[in-house]
Amino acid sequence: MAPTLQRYVILALLIAIAAAAWTLLIRQQMGMDADMRMDSLTMGMKAPLFLAVWMIMMIAMMFPTAAPMILTFHQVQAGKQGRGETFVSSWVFVAGYMLVWGVMGAIAFAGAAGAEMLAGHVGLSTATAARIGGALLMIAGAYQLSPLKDLCLAKCRTPIGFILTSWRDGYWGAVRMGLEHGLFCLGCCWLLFLALFPLGIMNVAAMAVVTVLIFAEKTLPSGDGIAKVLGVALLLYGAAVLVFPQALPTFQPVGAMMMN
């Protein structure tokens, strides 16, 4: 298969897999029952189901944004194959990349479950819980304006730069590169994903907005400026939630919680 055709096939597969993941998430949200509540940090799910849903979310949200890096990796590997050198499939790189997000999912579940236990133990009111969510949104906004965010975003915005500075040969080299790029991507986006918890972890609309923003940050010429504007917006929205906790989508009045 010609290298150009291979690129189109890989891109089509990435789009198809991401589209299938979005379809599953939409159907999951439409079919949510009382045991999978929007106002619950873990949606009332046990760890295996939470991690399965988390990985579907990561595929849906990150495959489109990681596509330029994956295609660049494949282009280099195709060149090596043309010279008779060892060829490593792009999916080996993707496996290392997704492993990072899988570990992040386990950490996210542990943190969410621990926060729910603590909230139940101390008896937090819905308004206080919402204000904590607002504070988290402000932290995410502040991170958007930080030098660490700039560093990680720069690595994600220049796939060829990452290839030139981080290339490793062989299968384990590809896994290591996937892990390394996944860590940069995590450093770029992790607080945006944590911000989904106060917004509703199964809020498909919020996920779609975050995906579009991450894609814009990574691919558009004005991506750096978009990241800064998003940071200011999160700071303002988080501050508004501190004053008006009802502004958070997951806020539920006491009467509604008793009915659940």
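Buried means under 20% relative accessible area, exposed over 50%, and partly exposed in between, with a 1.4 Å probe and protein chains only. This is a predicted model: local features need pLDDT of at least 70, side-chain atom pairs count only at pLDDT 80 or more, and totals for chains, interfaces and linings use all residues. Residues are numbered from 1 along each chain as its sequence is written, and side-chain values use heavy atoms, without hydrogens or water.

**Helix 10**

On one side of helix 10, V229, L236 and V243 are exposed. Buried in helix 10 are G223, I226, A227, L230, G231, L234, G238 and V241. These buried residues cover an arc of only 140 degrees around the axis, which puts them on the same side of helix 10. The arc is that of the directions from the helix axis to the C-beta atoms. An α-helix has 3.6 residues a turn, so residues three or four places apart point the same way. The cover over the buried residues includes helix 4 (126–144), helix 5 (147–157), helix 7 (170–194) and helix 9 (204–219). Helices (H or I, at least four residues) are DSSP runs, numbered from the N terminus.

Two helices can be set against their expected spans, 1.5 Å times one less than the number of residues.

| Helix | Residues | Number of residues | End-to-end C-alpha distance | Expected span |
|---|---|---|---|---|
| Helix 10 | 223–243 | 21 residues | 31 Å | 30 Å |
| Helix 3 | 90–122 | 33 residues | 48 Å | 48 Å |

After helix 3 comes G123, with a positive phi near 70 degrees.

**Two partly exposed residues**

D224 lies in helix 10. D224 is partly exposed, at 42% relative accessible area. It touches L153 and R157, residues up to four places away in sequence not being counted; contact means heavy atoms within 4.5 Å. D224 and R157 are 67 residues apart along the chain, yet their C-alpha atoms are separated by 9.3 Å.

F215 sits in helix 9 and is partly exposed, at 37%. Neighbours within four places aside, F215 contacts P64, T65 and L220. The C-alpha atoms of F215 and M61 are 9.0 Å apart, with these positions 154 residues apart along the chain.

**The second largest pocket**

What lines the second largest pocket? Its lining consists of L137, L192, A195, L199, A206, V209, V210, L213, L230, A233, L234 and Y237. Helix 9 and helix 10 are the elements that give two or more residues. By class, the lining has twelve nonpolar, no polar and no charged residues.

How values were computed:
On a 1 Å grid over the protein atoms alone, a cavity is a set of points where a 1.4 Å probe fits but cannot get out, and a pocket is an open set with protein on both sides within 12 Å along at least five of seven lines; lining residues have an atom within 4 Å of a point. Ala, Val, Leu, Ile, Met, Phe, Trp, Tyr, Cys and Pro count as nonpolar, Asp, Glu, Lys and Arg as charged, and the others, Gly among them, as polar.
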